Amino acid sequence: MKVTIVYDNEVSKEGLEAGWGFSSVIETKNAPLILFDTGADSPTLLHNMRELGIDPKDIGVIVISHAHGDHTGGLWGILEANKDADIYVPASLRSAIPGREVTRVVGSLQICEDIFSTGELRGIEQSLALKTDKGILVIVGCSHPGVGEIIDAASEWGKAYGIVGGFHGFRDFDRLAGLSLICPCHCTQYKSEIKRLFPDKCLECGAGVAIEV
Ligand SMILES: [Zn+2]
Ligand SMILES: [Zn+2]
C-alpha cells in the first residue's frame, strides 16, 4: 500500500508546488487508484500530479473528507479530466456535481477491498481506514471531529497502525502513543510538539512524500 501526498502546505520534492490544503493518492494491489481530497485549487493539484507521474484519468475513486475549500478546490479540474471515477462525499457536502453519480456518506462503509470510510463523524468529516498487513492506516483531511474520535472509528476494522493528514488543533498527544507511524500534514498546529514527542515514529509531510506500508 502506497500513499503519496500530492498537495500540502509544504513541499518535499523539487518541482512541486505548495498550497494551503491537502490531497493524497492511495495505491493498493486490489483496489482502483484512490484520490483522497483535492487541495485548494486545480492548477496546483494537476501540476503536482503531472510531476509525480499520476494521470488524473487513472483515478478510479475520489473521496472528499469534508466540504471546506482547501479539500474540495481541485475537484473540478479532476472531474474535467476524469469522467468516470466513483465519488464519495460526506453527506454535509451539499453542492451538486452535475452529471455525476455521487455516494453521500453518512455511516461507516466499505469503499473497495481493504478501503473503508469511517462515515461522516460529528456531521462534518469522513476519514479513510486502509487495511494493511501492519494494521489500519488512517488518512485524515483536517480532523475536525478530533483525532481521537477518528482513530476510535477507524479501529472498527483493526488495530490502528498509523495516521497521515491534517490534525488541526489536536493536542491530546497521548492518543498517538500506540501508533507506529505519524505523519502530521497540512493544518496540524502542533507539528513541532508531535515531532519532539514521537521522533522515531514521525514522518515529515509535504507534497511529494510517499509512504509505503
Ligand atoms: Zn477543514
Ligand atoms: Zn483543511
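Visitor: What volume does the largest pocket have?
Guide: This is a predicted model, so the value is computed from predicted atoms. Among the residues lining the largest pocket are M1, D114 and V213. The volume of the largest pocket is about 260 Å³.

Visitor: How many residues in the lining of the largest pocket are charged?
Guide: The lining includes K29, K131, D133 and K134. Two lining residues are nonpolar and three are polar. The number of charged ones is five.

Visitor: Which residues are the protein donors of the zinc ion (ligand 1)?
Guide: Their spacing in sequence is H-x1-H-x75-H. The donor atoms lie 2.1 to 2.2 Å from the zinc ion (ligand 1). The donors are H66 (NE2), H68 (ND1) and H144 (NE2).

Visitor: How many residues apart in sequence are the parts that H68 and H144 tie together?
Guide: Both residues are donors of the zinc ion (ligand 1). H68 sits in the loop between β4 (59–63) and α2, and H144 in the loop between β10 and α4, so the pair joins parts separated in sequence by 76 residues.

Visitor: Is H68 buried, partly exposed or exposed?
Guide: Partly exposed covers the range between 20% and 50% relative accessible area. H68 has 36% relative accessibility, so H68 counts as partly exposed.

Visitor: How far apart are the zinc ion (ligand 1) and the zinc ion (ligand 2)?
Guide: H66 is one of the donors of ligand 1. D70 is one of the donors of ligand 2. The two zinc ions are apart by 3.7 Å.

Visitor: Why is the arrangement around the zinc ion (ligand 2) irregular?
Guide: The protein donors here are D70 (OD), H71 (NE2), C142 (SG) and H186 (NE2). A tetrahedral site needs all angles between 85 and 135 degrees. The arrangement is irregular because the four donor atoms subtend angles of 87 to 149 degrees.

Visitor: Are D70 and C142 buried or exposed?
Guide: D70 and C142 are both donors of the zinc ion (ligand 2). Buried means under 20% relative accessible area. Both residues are buried.

Visitor: Which residues have the most contacts inside the largest nonpolar core?
Guide: The core has 26 residues. Among the elements giving two or more residues to this core are β1 (2–7), β9 (128–132) and β11 (160–166). Those with the most contacts are L128, I139 and V164.

Visitor: Which element gives the largest share of this core?
Guide: β10 is one of the elements that give two or more residues. The largest share is three residues, and the element is β12.

Technical notes. Residues are numbered from 1 along each chain as its sequence is written. Chains are lettered from A and ligands numbered from 1 in the order in which they are written. This is a predicted model: local features need pLDDT of at least 70, side-chain atom pairs count only at pLDDT 80 or more; totals for chains, interfaces and linings use all residues. Side-chain values use heavy atoms; hydrogens and water are left out. Donors are N, O and S atoms within 2.8 Å of the metal (3.2 Å for Na, K and Ca); water is not among the atoms, so sites may look incomplete. Four donors count as tetrahedral if all angles lie between 85 and 135 degrees; four count as square planar and six as octahedral if opposite donors are over 155 degrees apart and all others between 65 and 115; anything else is irregular. Buried means under 20% relative accessible area, exposed over 50%, partly exposed in between (1.4 Å probe, protein chains only). On a 1 Å grid over the protein atoms alone, a cavity is a set of points where a 1.4 Å probe fits but cannot get out, and a pocket is an open set with protein on both sides within 12 Å along at least five of seven lines; lining residues have an atom within 4 Å of a point. Grid points are joined across faces, edges and corners, and a volume is the space filled by probe spheres set on the points. Ala, Val, Leu, Ile, Met, Phe, Trp, Tyr, Cys and Pro count as nonpolar, Asp, Glu, Lys and Arg as charged, and the others, Gly among them, as polar. Helices (H or I, at least four residues) and strands (E, at least two) are DSSP runs, numbered from the N terminus. A nonpolar core is a set of buried Ala, Val, Leu, Ile, Met, Phe, Trp, Tyr and Cys residues joined through side-chain atoms within 4.5 Å.
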